[in-house]
Structures are given as structure tokens and as C-alpha cells.
Amino acid sequence: GGQPEADPNADAIRLALAAGAEVFPAPDGVWMLRPVPDVTDDNVVESYGPGQAHLLGVSKEWSRENMYNAVIVTGNRADVTPLRSRVVDDDPGSPTYYGGRIKKAWFETSELVTSSTQCDAMATGLLRQKTGVAETVEWDTIVNPAYETGDVVQITRAASKIDARYLIDQLTIPLGPDQPMRARARLRPPRRSRPAGPPSRP
């Protein structure tokens with residue numbers, strides 16, 4: 001039998017991840033490359049406060065199933081000295097603080113990592129993706145075609161006990177002009193994430 005065909009989209013995602021970045025299709029179909037978003041670095045594109053009419057409804061749910069607060073990346077390329085980077089959520093004010101009751105690490109091995117700097121970047125990018133998925137929110141709002149996945153929004157809703165920044169993961173644009181747009185986002189609490197000690201070489 002022949003070799004399976006390569007998936008260029010999957011290859012692009014793997015290459016971006018190895019650089020601590022992400023790649024995704026924009027609404028116009030053009031593929032975009034950018035650093036993994038983080039609320040400590042990115043501007044809030046929208047603030048939903050009390051009494052604002054364009055926030056039509058919001059709900060919140062919690063799950064620890066896919067939540068990680070530490071990432072360990074190992075480079076296993078044959079022609080490069082083995083590399084290892086460990087990055088944790090080290091902010092005591094974060095709900096996913098690694099020094100608290102929950103310690104859950106995501107392990108990643110990559111043959112694309114060729115330097116300590118790249119290993120740290122990949123681990124930091126993965127931590128930004130893996131923390132914050134414990135809390136997700138969904139809300140309906142007036143259609144705004146300028147929104148993109150990866151945008152950061154501030155939502156304040158006392159009745160739902162919501163007052164935080166969230167990173168948009170999914171947008172559903174309705175077919176009809178009289179229907180609301182639905183967004184889904186995950187909590188991205190402000191935190192400091194840095195390599196937990198220098199990368200080690202086993």
C-alpha cells in the first residue's frame with residue numbers, strides 16, 4: 001500500500017505550536033499565524049457590563065476534565081541534545097494556581113523543538129491553551145462580524161456571578177438578520193506563567 005497523504009493543515013498547526021503560536025482560518029478563508037493569546041498581553045475587544053442591551057443572555061459551566069495548570073515539553077529530535085521545559089501557572093490569585101490543591105500536568109513531546117528558547121515558547125503557548133478551560137461561558141449578542149476566535153472580552157454579570165475576562169473559542173453567526181450571534185469562551189484569568197526553572201537536559 002502507499003503512504004498516507006499528508007495533512008497540510010495538521011502540519012501547519014504542529015509547526016505553529018512548536019513556536020508557541022497558533023494558526024487558524026480567518027472568516028475570509030485566509031490562514032492566520034499569531035502567538036497564543038493571553039489576557040495579560042491582549043486588549044479587550046468588548047466589555048459586557050450590567051444593563052447593556054446587546055448582551056442578550058449568558059450561561060456558565062465548570063469542568064476540570066480538560067483543565068491543566070502545568071505543561072512539560074520534551075524535545076526528542078535525534079540530532080539535537082534532548083531538551084525539556086516545565087511551565088506552571090504560578091499566580092496565587094489564579095483559580096488554576098499550580099501551588100493549590102490541583103496539580104495536573106500536560107505532557108508534550110516534539111521533534112520540532114531545537115533550542116531551549118523554542119522549548120520554553122512551546123510550553124508557554126500550550127499552558128495558555130490548557131489553563132482556563134475549567135470555566136466556560138456562552139452568550140447571545142447582536143451580530144458583530146468583527147469578532148474573531150481568540151479575541152478577549154470582559155463580561156460582568158452579577159446575577160450569574162460572572163466578572164472576568166474570557167477568550168473566545170467559538171462563534172456561531174446566524175443566517176437571518178433578526179437572530180442573535182452565539183459565542184463560547186473560556187476563562188483566561190490574569191496570571192504570570194513562566195518556565196519553572198531553567199530547561200533541563202536529561
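**Exercise 1. Aspartate 79 and its partner**

Classify aspartate 79 in this predicted model as buried or exposed, and state which side chain meets that of aspartate 79 in a salt bridge.

*Solution.*
1. The relative accessibility of aspartate 79 is 57%. Exposed means over 50%, so aspartate 79 counts as exposed.
2. The partner is arginine 77, with an N to O distance of 2.8 Å.
3. Arginine 77 has 35% relative accessibility and therefore counts as partly exposed.

**Exercise 2. Salt bridges between strands**

Determine which strands hold arginine 184 and glutamate 61, and which strands hold aspartate 169 and arginine 186.

*Solution.*
1. The count of salt bridges in the model comes to six.
2. In one of them, the closest N and O atoms of arginine 184 and glutamate 61 are 3.1 Å apart. Arginine 184 belongs to strand β11 (residues 181-187) and glutamate 61 to strand β4, so this pair ties together parts 123 residues apart in sequence.
3. Both partners are partly exposed: arginine 184 has a relative accessible area of 25%, and glutamate 61 has a relative accessibility of 44%.
4. Aspartate 169 and arginine 186 also meet in a salt bridge, at 2.0 Å from N to O. Aspartate 169 lies in strand β10 and arginine 186 in strand β11, so the pair connects parts 17 residues apart in sequence.
5. Aspartate 169 is partly exposed at 35%, whereas arginine 186 is buried at 9%.
6. Shared partners join Glu61, Glu138, Asp140, Arg182 and Arg184 into one salt-bridge network.

**Exercise 3. Lining of the largest pocket**

Identify which residues are closest to the centre of the largest pocket and which element gives the most to its lining.

*Solution.*
1. The largest pocket holds about 300 Å³ of space.
2. It is lined by 15 residues, and Glu22, Gln129, Leu167, Asp169 and Arg186 are the closest to its centre.
3. At least two lining residues come from each of β1 (21-25), α2 (116-130) and β10 (162-172). The greatest contribution is that of β10, with three residues.
4. By character, the lining divides into six nonpolar, four polar and five charged residues.

**Exercise 4. An aromatic pair and two lysines**

Establish the geometry of the pair formed by tyrosine 68 and tryptophan 106, and state which lysine lies over the face of tyrosine 68 and which over that of tryptophan 106.

*Solution.*
1. The structure holds two aromatic pairs. In the pair of tyrosine 68 and tryptophan 106, the ring centres are 5.1 Å apart and the planes meet at 80°, an edge-to-face arrangement.
2. Tyrosine 68 is in the loop between β4 (55-62) and β5 (70-75), and tryptophan 106 is in strand β7 (residues 105-110), 38 residues apart.
3. Tyrosine 68 counts as buried at 15%, while tryptophan 106 is partly exposed at 25%.
4. Lysine 104 lies over the face of tyrosine 68, 4.8 Å from the ring centre. Lysine 130 lies over the face of tryptophan 106, at 3.7 Å from the ring centre.

Terms used: Residues are numbered from 1 along each chain as its sequence is written. This is a predicted model: local features need pLDDT of at least 70, side-chain atom pairs count only at pLDDT 80 or more; totals for chains, interfaces and linings use all residues. Side-chain values use heavy atoms; hydrogens and water are left out. Rings of Phe, Tyr and Trp (its six-membered ring) pair if their centres lie within 6.5 Å; planes under 30 degrees apart count as stacked, over 60 as edge-to-face and the rest as tilted. Helices (H or I, at least four residues) and strands (E, at least two) are DSSP runs, numbered from the N terminus. Buried means under 20% relative accessible area, exposed over 50%, partly exposed in between (1.4 Å probe, protein chains only). A charge sits over a ring if NZ of Lys or CZ of Arg is within 6 Å of the ring centre and within 35 degrees of the ring normal. On a 1 Å grid over the protein atoms alone, a cavity is a set of points where a 1.4 Å probe fits but cannot get out, and a pocket is an open set with protein on both sides within 12 Å along at least five of seven lines; lining residues have an atom within 4 Å of a point. Grid points are joined across faces, edges and corners, and a volume is the space filled by probe spheres set on the points. Ala, Val, Leu, Ile, Met, Phe, Trp, Tyr, Cys and Pro count as nonpolar, Asp, Glu, Lys and Arg as charged, and the others, Gly among them, as polar. A salt bridge is a side-chain nitrogen of Lys or Arg within 4 Å of a carboxyl oxygen of Asp or Glu.
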